[in-house]
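User: I would like a close look at a single part of this protein, followed by an account of how that part fits into the rest.

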Amino acid sequence: MRNLKLLTAVAACATAVLTGCAPQAAQQAAPQAGQQPQRSFWSQLHTDAGGTGQYLFDSLEDITPGARPSGAFRPAAALVEGTVVGVEPGIAYASDDDSPTPRVVPYESQEAAMRWASVVVKVDKVLAGKLGRGYTGGQIRLRVEQPTGTTLDGLRQSIGTAGRGLFYVDNALDRVKRRAASPQAQAYQASVHLPIGQGVFVEEKPGAALVAPLTDENRAAQLLGTDGRQAQLKSAGDSPLAQLRGRAQKSACEKGTATDQSGC
């Protein structure tokens with residue numbers, strides 16, 4: 001119907017160009033031609049480069065706070081449920097290699113070869129383990145690589161699609177094997193959390209299937225215990241988020257790290 005109205009307006013203008021109708025019709029048509037679907041928040045942050053690189057585990061139970069470390073892999077310090085409420089500049093380096101002393105540069109500098117953004121999560125509940133360093137004002141900040149080609153403004157404009165979810169995390173400074181060389185980098189590490197094993201599972205819209213946006217689809221399907229390329233947890237009565245929360249709480253109860261023992 002909208003297209004029909006637009007065609008009618010254009011046809012009318014053909015007989016009355018001098019009245020100024022033609023520019024008005026062009027203005028009506030222009031937004032339609034120029035509109036592009038907005039990319040979701042997490043689709044902009046999905047990168048093959050990954051974050052912590054710690055994939056040496058088989059299931060969500062291995063990430064659960066209190067799980068037995070394998071030696072090569074340490075489980076998360078805490079499991080939180082929360083809502084993504086913002087994104088901030090984190091830290092940028094002039095090199096993207098594994099140098100022990102990477103040079104810190106201004107976040108928006110053209111010298112920046114790697115940028116780590118801080119995704120702000122309002123913590124609604126700590127389900128397992130404990131949050132310590134870097135947990136302030138009821139919020140934590142996740143260190144997530146900002147891929148080339150994305151902007152903080154673009155991420156902020158799409159923050160409404162970031163959603164709510166479960167986050168397996170540990171403070172970056174408590175996690176690293178070697179301290180950063182510069183005081184600036186150490187301060188940054190103290191302020192952010194790592195998504196352990198890419199353990200981020202979000203519900204982008206209420207009732208929607210869960211996605212694991214920081215890992216590839218096959219890996220996400222393995223972690224969520226699903227089939228198919230969509231890597232989604234399908235609803236079977238309870239919401240997908242409630243299903244995964246129940247599974248995570250059961251695992252935390254078994255490990256003795258659930259914060260609400262009455263639910264065990």
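Which residues does His193 touch, not counting residues up to four places away in sequence?

Analyst: The model is a predicted one, and its confidence should be stated at the outset. The protein chain averages a pLDDT of 79, and 74% of the residues score at least 70. Over residues 1-35 the pLDDT is below 50, and this stretch has eleven contacts in the model beyond near neighbours in sequence. The pLDDT is also below 50 over residues 49-53, a stretch with 13 such contacts.

His193 is found in strand E6. With residues up to four places away in sequence left out, His193 touches Leu131, Arg133, Gly134, Tyr135, Ile140, Arg141, Leu142, Arg143, Val169, Asp170, Asn171 and Ala172. The relative accessibility of His193 is 1%, so this residue counts as buried; the limit for that term is under 20%.

Two of these neighbours lead to further features. One of them, Arg143, lies over the face of Trp116, at 3.9 Å from the ring centre. Another, Ile140, is included in a nonpolar core, which is described below together with a larger one.

The largest nonpolar core has 32 residues, and those that touch the most other members are Leu60, Ile63, Leu79, Ile91, Tyr168, Phe201 and Leu244. At least two residues of this core come from each of the following: helices H4 (60-63), H7 (183-191), H8 (217-224) and H9 (240-255), and strands E1 (78-93), E3 (114-129), E5 (164-171) and E6 (193-203). Strand E6, where His193 is found, is thus among the contributors. A second core, separate from this one, has 28 residues, including Val87, Ile140, Phe167 and Val200.

Strand E6 also takes part in an aromatic pair. The structure holds two such pairs. In one, Phe41 and Trp42 meet edge-to-face, with 5.2 Å from centre to centre and 90 degrees between the planes; both residues are buried. In the other, Tyr168 and Phe201 are likewise edge-to-face, with their centres 6.3 Å apart and their planes at 90 degrees. Tyr168 belongs to strand E5 and Phe201 to strand E6, so this pair ties together parts that are 33 residues apart in sequence. Tyr168 is buried, with a relative accessible area of 2%, and Phe201 is buried as well, at 0% relative accessibility.

Helix H8 provides a further link to strand E6. Within H8, the residues Arg219, Ala220, Ala221, Leu223 and Leu224 are buried. Among the elements that cover these buried residues are H4, E6 and H9. After H8 comes Gly225, which has a positive phi, near 70 degrees.

Helix H9, one of the elements covering H8, leads to the disulfide. A search of the whole structure finds one disulfide, formed by Cys253 and Cys264 with their sulfur atoms 2.0 Å apart. The torsion about its S-S bond is about -80 degrees, so the disulfide is left-handed. Cys253 lies in helix H9 and Cys264 in the segment after H9, so the pair ties together parts that are eleven residues apart in sequence. Cys253 counts as partly exposed, at 22% relative accessibility.

To return to the part requested, His193 is a buried residue of strand E6. The strand itself supplies at least two residues to the largest nonpolar core, carries Phe201 of an aromatic pair and helps to cover the buried residues of H8.

Technical notes
Residues are numbered from 1 along each chain as its sequence is written. This is a predicted model: local features need pLDDT of at least 70, side-chain atom pairs count only at pLDDT 80 or more; totals for chains, interfaces and linings use all residues. Side-chain values use heavy atoms; hydrogens and water are left out. A nonpolar core is a set of buried Ala, Val, Leu, Ile, Met, Phe, Trp, Tyr and Cys residues joined through side-chain atoms within 4.5 Å. Buried means under 20% relative accessible area, exposed over 50%, partly exposed in between (1.4 Å probe, protein chains only). Helices (H or I, at least four residues) and strands (E, at least two) are DSSP runs, numbered from the N terminus. Contact means heavy atoms within 4.5 Å. Rings of Phe, Tyr and Trp (its six-membered ring) pair if their centres lie within 6.5 Å; planes under 30 degrees apart count as stacked, over 60 as edge-to-face and the rest as tilted. A charge sits over a ring if NZ of Lys or CZ of Arg is within 6 Å of the ring centre and within 35 degrees of the ring normal. A disulfide is a pair of cysteine sulfur atoms within 2.5 Å. pLDDT is the predictor's confidence in each residue, from 0 to 100.
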